[in-house]
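New to this one? Take a look at the model first, and then we'll walk through its domains, its ligand and a few oddities of the backbone.

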Amino acid sequence: MKKRGIKYVVKKGNQFYPSEELKKIANITDPKIYTQAAKDPIKFWGDLAKEGLTWSKDWDKTYEEKLPYFKWFKGGKLNFSVNCVDRHLAHPEKTALIWVPEPKDEKPIKISYGELHNKINKFANVLKTNGIKKGDVVSIYLPMIPQALIAMLACTRIGAIHSVVFSAFASDALKARIQDGKAKILITSDGYYRRGKPENLLKKAKKAAKRTTVQKIIVVNRIGKKVRGRKFLDFDDELEKAESYCKPEMMNSEDTMFLLYTSGTTGKPKGVVHDTGGYATQAYWTCKWNFDLHPEDVMWCTADIGWVTGHTYAMYGPLLTGATTLVYEGGPDFPNPGRWWKIIQDHKVNVFYTAPTAVRMFMKIKQNWITKYDLSSLKILGTVGEPIDKKSWMWYFKTIGGSRCPIIDTWWQTETGGTLINTIPGIGPFVPTVSGKSFPGIKHVIVDDKGKPMPKGRQGFLAQTSPFAPGMLHGVFNNHKKYVDTYWKKFKTMYDTSDGAYLQDGLIRITGRTDDVMKVAGHRLATAEVENAIHDNRKVGDVAVVPMPDKMRGQVPIAFVVLKRGKPGKKLEQKLRKYVDIKIGPTARPARIFFVPDLPKTRSGKIMRRILKALLINEKPEGLMTLVNPTSVDKIKNIITENS
Ligand code: WTA
């Protein structure tokens, strides 16, 4: 008999709330926390930072704001790796990380806090031996293997700044990020397993590192490829040789801890800068309250460490709270669609955090692949990355959660470092498609484009007000102008999220991006990045990329191409799609490319993507009056109809 599991939710009216069982164990249950925090948010965060983290020196000032910059815990000192690992060493045997390799014949590995401490210290010494000092940037291009976590934490031990690049990104994308950060060292692997096949990562890494600042490449041996050359070091050999203790570098709270590149509206990704103390405070408390994480819990966040969700919830949050994190190397449906659910059963996962895209994918398979596994260990289900529709929410709730686990729809961004808008499990309510309230001590408003509050229930722009959340970005790496233009130009004294939202019964419902950024299978991608990649082909004269709604992936990119030379056709379409794979990576590959004679443009030459979007979903486009070439619209419409 399969276990049913504890019921953590109850239905009141047509809304779900935490059950008494959940309230009994939850880290926080009193809704008064919102009003208490709002009275003095700075003091509130100061108290949380003190209670949650280990500091080597108290701060002089809790918050200082000189917009567009602000600092948390100024003068305070701490080391991030000490907070993630050393302070849990009272129980060195406790499992910090469960790693599940993709190949079925390889056994999962458990790494205790004691072992993790040892490896981080050793690898920190490897970095030091190779000339890495406080403030240097280290590029990490690794798949979901324990060495990724070890390398990242080792950087934080010595105050080096890590810049992790998603392993499915192409070599050009990696190169651009290495160059922007001027990284001296690149840490990568020979490859990884994906859907039963070894993928070669080193080839891409080598190509990217050519003619850059990278002096050494440290390579993890994952698929058994031999690496030779003066520039290369073997991860395990170096670890073996290294001293086993590395004194942690005490960092200022506001010192940069990591860079993470993300898409904005232009083609060039920007390096979002995160600090140490503020980020740590938010990662710790959001894990504890939003996922109700306890030290005895196993949390599985399925996001790759190449994205912010992977940083904060597959790694740092669970470790800061002394819980166990689970990391899985491979494809969600390999060797069969039961893989994920078997992992939950085998490792008794309590908190499961994934993206709506994954939920939608599993809704389509034979449900027996899921229901045959015992999922009774689950307590909290989370979702992130894009709006989740009601049908998917209900399916997730019923099929994965057995109608007994709250669904926490967390809204946040690479820039915010941690979750900012969601319902807290011990408080409720859990409403399909609605994210919830701003985290205690943080305030969002919904405004018009002048920053004036929208009437209740009306859709507007989502903005954050002062004091800004401790986990927020502290700039764009070496690009003050970009930081100001992107986040502070529109509202001056409020942070512009670039998302739309409205209030529903006092709770925030997110409607999606208001700029030219797509969310493809939950991955953030600027239309301009895809356009640049396609433009690089000699035959292309002009190109516009727009997102089209997709049942499975949320949105997919669609390209409209005007050719300079060559013949339109399936063959060229394939070729250009391949181009995007090589320049950015398969995530960005356009689902379709339409060859058109002209793109709708305004008198000033601006491409009207809005019109293309409307045509794709068969809506009547508006604003044709402003076009220099209104006849282009009907032509494009016909081409879409003929080729769909
Ligand atoms: C979107 C991912 C609706 C939003 C953590 C945001 C969401 C962008 C949600 C950031 C959600 C994230 N509901 N939309 N729960 N969570 N988004 O930087 O448009 O990859 O601006 O960070 O994802 O994407 P990013």
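A salt bridge here is a side-chain nitrogen of Lys or Arg within 4 Å of a carboxyl oxygen of Asp or Glu. Keep that in mind, and keep in mind too that this is a predicted model.

Let's start with the overall layout. The domain assignment splits the protein into domain 1 (9–82 + 255–442), domain 2 (114–252) and domain 3 (521–643). So where do domain 1 and domain 3 stand relative to each other? Taken over C-alpha atoms, their centres are 35 Å apart. Their contact draws on 18 residues of domain 1 and 13 residues of domain 3.

The size of an interface is often given as the accessible area lost when the parts come together. For domain 1 and domain 3 that comes to about 1,200 Å², with 52% of it on carbon and sulfur atoms.

What holds a charge pair across this interface? The rule finds 1 salt bridge between domain 1 and domain 3. Glu 415 forms a salt bridge with Arg 524, and their closest N and O atoms are 2.8 Å apart. That distance counts because the cut-off is 4 Å. On the domain 1 side, helix H13 (residues 356–363) gives the most to the surface touching domain 3, with 3 residues. Sorted by class, that side of domain 1 has 3 nonpolar, 10 polar and 5 charged residues. The interface also has 6 residue pairs in polar contact.

Now for the ligand. It is surrounded by 18 residues, and the closest are Asp 409, Thr 414, Asp 499, Lys 519 and Arg 524. Arg 524 is also the partner of Glu 415 in the salt bridge. Here are some of the polar distances:

| Residue (side chain) | Ligand atom | Distance |
|---|---|---|
| Asp 409 | nitrogen | 2.7 Å |
| Asp 499 | oxygen | 2.4 Å |
| Arg 524 | oxygen | 2.7 Å |

Last, the backbone oddities. Most residues other than glycine have a negative phi, and most peptide bonds are trans. The peptide bond from Phe 334 to Pro 335 is cis, with omega near -5°, and Pro 335 sits in the loop between strand S19 (324–328) and helix H12 (339–347). Ser 466 and Pro 467 are joined by a cis peptide bond too, with omega about -5°; Pro 467 belongs to the loop between strand S26 (460–464) and helix H16 (480–488). Asp 292 is not a glycine, yet has a positive phi of about 40°. Look for Asp 292 in the loop between helix H10 (277–290) and strand S18 (298–301).

Methods: Residues numbered from 1 in each chain as written. Predicted model: local features only at pLDDT ≥ 70, side-chain atom pairs only at ≥ 80, totals over all residues. Heavy atoms only, no water. Domains from an automatic or database assignment. Contact = heavy atoms within 4.5 Å. Buried area = accessible area lost by both parts, 1.4 Å probe. Polar contact = N/O pair within 3.5 Å; in protein donor to acceptor, adjacent residues only side chain to side chain. Helix = DSSP H or I, 4+ residues; strand = E, 2+ residues; numbered from the N terminus. Nonpolar A, V, L, I, M, F, W, Y, C, P; charged D, E, K, R; others polar. Near = heavy atom within 4 Å.
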